[in-house]
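Student: I would like to go through this chain with you, asking at each step what justifies the word being used.

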Amino acid sequence: MNSIFSLLLVALAIANVAAFGVSTPVVSRVSAPTRTSKGNNMEMRARNCDLLGKTPNRQARVVTFSHKRIKKVQHVNLQWKRFYSEEMGKNIRLRLSTKGIKTVNKYGGIDAAAKKFDLDLTKHA
């Protein structure tokens, strides 16, 4: 009787180990080394205008034919634009809204517009 009980206990322990994988270690695959390129220092940026600080409108709604109201996001029309800074003596690449581009043209250059809106151009150089 004792031998049957011990045999049953051993069988139960083996089934437990097989079911839950306690005895086999989990082997993780080693991924291939990542390739580095010119753009390896990329960071996610918010969809904001660098000059004016315009942000997406998250309060917009679409009203369907059945008069359902669905929320949507109206994004800012952002463009990458390169301006020549006379103070720094080099090109500066900014992500501006179309209204921000018009504002730069109105003030006669990126230096005057940056001075008006307290923008540090050295961060974008």
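Tutor: Let us start with the interior: of the 15 residues in the largest nonpolar core, L51, L94, L96 and V104 touch the most other members. This is a predicted model, in which local features need pLDDT of at least 70 and side-chain atom pairs count only at pLDDT 80 or more, while totals for chains, interfaces and linings use all residues. Residues are numbered from 1 along each chain as its sequence is written, and side-chain values use heavy atoms, leaving out hydrogens and water.

Student: What makes a set of residues a nonpolar core?

Tutor: The members must be buried Ala, Val, Leu, Ile, Met, Phe, Trp, Tyr or Cys residues joined through side-chain atoms within 4.5 Å, where buried means under 20% relative accessible area, exposed over 50%, and partly exposed in between (1.4 Å probe, protein chains only). Strand 3 (78-85), strand 4 (90-97), helix 2 (98-107) and helix 3 (110-116) each supply at least two residues of this core; helices (H or I, at least four residues) and strands (E, at least two) are DSSP runs, numbered from the N terminus.

Student: Which residues does L96 touch, leaving aside those up to four places away in sequence?

Tutor: With contact taken as heavy atoms within 4.5 Å, L96 touches C49, D50, L51, N77, L78, Q79, F83, I101 and V104.

Student: How do you know that strand 3 and strand 4 are paired?

Tutor: Two strands pair if DSSP finds at least two bridges between them; 8 bridges join strand 3 to strand 4, so the two count as paired, and they run antiparallel. R82 stands opposite R93 in strand 4. The two strands form a hairpin with 4 residues between them, and G89 in the turn has a positive phi of about 75 degrees.

Student: Why is L12 called exposed?

Tutor: Its relative accessible area is 56%, and because the limit for exposed is over 50%, L12 qualifies. L12 lies in helix 1 (residues 2-20).

Student: What makes D118 exposed, and where is D118 found?

Tutor: D118 has 72% relative accessibility, and therefore also meets the limit of over 50%. D118 is found in the segment after helix 3, and has a positive phi of about 55 degrees although it is not a glycine.

Student: Where is H67, and what is its phi?

Tutor: H67 is in the loop between strand 1 (61-63) and strand 2 (69-71), and its phi is near 70 degrees, a positive value in a residue other than glycine.
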